[in-house]
Amino acid sequence: MPTREGALFRAAGFFDGGGFRDLLAGLVAVPSTSQEEGREADLDRYLSSSIQPWLERLGFAVAVHPNPVEGFGPILTAERIEDPSRPTVLLYGHGDTVRGLDEQWRPGLAPWTLTEDGDRWYGRGTADNKGQHALNLAALEAVLAERGGRLGANVRVVLEMAEERGSKGLREFVSANKDALRADALIASDGPRVDPAVPTIATGTRGTWHFDLVVKLREGGVHSGHWGGLTRDPAIILAHALASMMDRNGRVLVRDLLPRNGVPAAVRGVLDGCPVGGGGGAATVDEGWGEPGLTAAEKIYGWNSLIVLAMVSGRPENPVNAVAPDARAHCQIRYTVDTNPAGFEAAIRSHLDAQGFGDLVRLEGAATRMAASRTAPDHPWVRWAQASMERSLGRAVQIIPNSSGGLPGDVFVDHLGLPLVWVPHSYNGCKQHGPDEHLLTGPAREGLLAFAGMWWDLGEPGTPRPRG
């Protein structure tokens, strides 16, 4: 007789026997970066050659669609409907990656080759996001095998190939295909756990809002000997403008960029005792940095942050004896749903004007790259997923109101009205977006077991009531 324990046993055996490692190696070998020209065929190949045959073998009806925004990667949809009266889960993932950065990986590693080193599997996409959506599908395959090809519920899939370029086209696609993507909940995986050893559920993500601060004083540089000390230095002006926005300890001084009513009580409650760490390497949780009075978890899961992503004046790679003509800083605000980004630009402009930078510092390119999203941490689908994971893993699962990074969850909330259940399989130190990206085998194995348990429980009584 098929059993839940049997499904988890199958999933564990696939992982422990090397099956998942070999599967992931094949996915990593496809150089499906959306950030490099000339990789368009690889974006298509990842879906048509790697994912589509796998899903069809599992009984899905699959289609690959062109992106509604020209110049961006395709979008795969799939559905496996057994009984419309039973719950339907929408599984999301992305098969595109950031640049390979081949020359920056340490000796013995390469972005498009999976390399095993201890408890780490190195390769581009192992953590973001090939390894994560592959774990979820491998878990589904184990449950279907245990149940003789039936799930007892329904699954739809959206797999995009432009997430690393801001998910361009996804919003338009989902809006135009609402009926085909109808579901009761989104359950998917991306991003890091709060700590490598702590299974995690995130019920949303922080948004990202970008802007440039620009000081342009003249058309070209002028001799530093003849003009230094006489003419204004744009780098100094820009540094003071930034310092007026954030103090030396990382406290944001433009208070209109922050949640007006502080960290909500429900958010503070769910984050009580939540650990933060496991970054490794150069990443540290620096005591005293950021908003005073908040815990580390509240700072990154319940608060907004201001970051200077890049700053330049002159030619750092080849300095000349000149006072530079201009200076530029590209900045980012990571924000929660408790703040409306529509007011950010006006708040910054008003602040700079009040600080005396009105004629000197321009604000350019202000825009939201990814919007914030959040499902209530006590939503029935969130609590159902938590109970299922705790049963499978035998220990507590930490719920956070939103992850620290950005994902297009808002698209599924706005157009499909879905609650969000993000179950990350990675950790803060995975080096996604940089060289030496890797997946830890411990959290990966647990993720496979957690999803096998959820897929099994989805076909059992006790799931939240399907939407009418």
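These are my notebook entries on a core, a loop residue and a helix pair in this predicted model.

**Ground rules.** I count residues from 1 along each chain as its sequence is written. For this predicted model I need pLDDT of at least 70 for local features and 80 or more for side-chain atom pairs, while totals for chains, interfaces and linings use all residues, and side-chain values use heavy atoms, without hydrogens or water.

**Entry 1, the core.** I looked up the largest nonpolar core (buried Ala, Val, Leu, Ile, Met, Phe, Trp, Tyr and Cys residues joined through side-chain atoms within 4.5 Å). It has 124 residues, and F211, F412 and W455 touch the most other members. Helix α13 (residues 441-458) gives the most to this core, 10 residues; helices here are DSSP runs of H or I, at least four residues, numbered from the N terminus.

I then checked the contacts of W455 (heavy atoms within 4.5 Å). Leaving out residues up to four places away in sequence, W455 touches V89, L91, N136, A139, L140, V143, R147, L151 and V155.

**Entry 2, T33.** I found T33 in the loop between α2 (19-28) and α3 (40-57). Is T33 buried or exposed? T33 is buried, at a relative accessible area of 0%; buried means under 20% and exposed over 50%, with partly exposed in between, using a 1.4 Å probe and protein chains only. Its side chain reaches the backbone oxygen of V98 at 3.1 Å.

**Entry 3, two helices.** I saw that the axes (lines fitted to C-alpha atoms over the stretch in contact) of α11 (residues 380-393) and α13 come within 8 Å and cross at roughly 120°. Among the residues that meet are W381 and W384 in α11, and E446 and L449 in α13.

Terms used
Polar contact = N/O pair within 3.5 Å; in protein donor to acceptor, adjacent residues only side chain to side chain. Axes fitted to C-alpha atoms, helices over the stretch in contact; angles between N-to-C directions.
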